[in-house]
Amino acid sequence: MSTTKIISDIAAIRAAALENLLTTTDAELRQEAREDGENLDETAIQMKSAMREAAASALRERMAKSKSQSRQKLSARPPSFARPAVDRIKELVQDLFARDQSLGLAFRDGKRQSDADWQSLYDDLVAIGAIKSADDGL
């Protein structure tokens, strides 16, 4: 028997099985499962759990890929603008947060931010368009 014939036979069997499944009513499927000794409630719980885990896994993978792409874009492109002095950056950022209550920020362990932290925050705010570098956000 040739490989092509085997593949064709398997495809025909699969098509017939799917057709049989699609024409079988829910009541008949439940009855067959009970006759086979399957616990439908347990099977439903397992399927629900497996589907949630698959969805969560796909979302985690998508998030990791997105984060990786974002990091690559940010690290590949140095700031194309001259930053103001750190004191001016602090003023701009604090003014922006005072004006736009929808913005939020979490500080690490409530500790004082370094100059590099302020510069990085400024760069991020310029990158998302919250602060315009050309006119220092004014």
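**Note on a predicted five-helix model**

1. Arg88 and Glu91 are joined by a salt bridge, in which the closest N and O atoms lie 3.1 Å apart. Both residues belong to helix α4, and because they are three residues apart in that helix, about one helical turn separates them. Arg88 has a relative accessibility of 22% and counts as partly exposed. Glu91 is also partly exposed, with a relative accessible area of 42%. The reader should keep in mind that this is a predicted model.

2. The overall fold may be described next. The protein chain contains five helices and zero strands. Followed along the sequence, the order of elements is α-α-α-α-α. Of the 138 residues in the protein chain, 12% are buried. The chain exposes about 11,200 Å², and carbon and sulfur atoms account for 54% of that area.

3. How do contacts in the chain relate to separation in sequence, and what share join residues at least 24 apart? Among contacts between residues at least 6 apart in sequence, the share is 61%. One pair that illustrates separation along the chain is Asp100 and Ala130: they stand 30 residues apart, and their C-alpha atoms are separated by 9.6 Å.

4. The largest nonpolar core deserves attention. Which residues form it? There are 10: Ile89, Leu92, Val93, Leu96, Trp118, Leu121, Tyr122, Leu125, Val126 and Ile131. Helix α4, covering residues 86–99, and helix α5, covering residues 115–127, each supply at least two of these residues. The greatest contribution comes from α5, which gives five residues. As general background, nonpolar side chains tend to be buried together in soluble globular proteins.

5. A search of the whole structure finds four salt bridges. Besides the pair in point 1, one of them joins Asp123 and Arg83, with the closest N and O atoms 2.6 Å apart. Asp123 lies in helix α5, whereas Arg83 lies in the loop between α3 (40–76) and α4, so this pair ties together parts that are 40 residues apart in sequence. The side chains of Asp123 and Arg83 also make a polar contact, at 2.6 Å.

6. Is each partner in this pair buried or partly exposed? Asp123 has a relative accessibility of 16%, and it counts as buried because this value is under 20%. Arg83, at 35% relative accessibility, counts as partly exposed. The student may therefore note that a charged residue such as Asp123 is buried in this model.

7. Another salt bridge is formed by Asp9 and Lys5, whose closest N and O atoms are 3.0 Å apart. Both residues lie in helix α1 and are four residues apart, which is about one turn of the helix. Asp9 is partly exposed, with a relative accessible area of 26%. Lys5 is likewise partly exposed, at 43% relative accessibility.

8. Helix α1 also takes part in a feature of the surface. Met1, Ile6 and Ile10 make a nonpolar surface patch of about 340 Å². Ile10 is located in helix α1, which spans residues 3–23. The relative accessible area of Ile10 is 47%, and the residue is therefore partly exposed rather than buried.

9. Thr24 is found in the loop between α1 and α2, the latter covering residues 26–35. With a relative accessible area of 15%, Thr24 is buried. Its side chain reaches the backbone oxygen of Asn20 at 2.6 Å. Leaving aside residues up to four places away in sequence, Thr24 touches Leu29 and Glu32.

10. Asp100 belongs to another loop, the one between α4 and α5. Where does the side chain of Asp100 make a polar contact? A polar contact of 2.5 Å joins it to the side chain of Ser102. Asp100 counts as partly exposed, since its relative accessibility is 29%. Asp123, by contrast, is found in helix α5.

Conventions:
Residues are numbered from 1 along each chain as its sequence is written. This is a predicted model: local features need pLDDT of at least 70, side-chain atom pairs count only at pLDDT 80 or more; totals for chains, interfaces and linings use all residues. Side-chain values use heavy atoms; hydrogens and water are left out. A nonpolar core is a set of buried Ala, Val, Leu, Ile, Met, Phe, Trp, Tyr and Cys residues joined through side-chain atoms within 4.5 Å. Buried means under 20% relative accessible area, exposed over 50%, partly exposed in between (1.4 Å probe, protein chains only). Helices (H or I, at least four residues) and strands (E, at least two) are DSSP runs, numbered from the N terminus. Contact means heavy atoms within 4.5 Å. Accessible areas come from the Shrake-Rupley method with a 1.4 Å probe; for residues, only the protein chains shown count as cover. Patches are made of residues with over 30% relative accessible area and no salt bridge: like charges are joined within 9 Å, nonpolar side chains (Val, Leu, Ile, Met, Phe, Trp, Tyr) within 5 Å. A salt bridge is a side-chain nitrogen of Lys or Arg within 4 Å of a carboxyl oxygen of Asp or Glu. A polar contact is a pair of N or O atoms within 3.5 Å; within protein, one must be able to donate a hydrogen and the other to accept it, and residues adjacent in sequence count only if both atoms are side-chain atoms.
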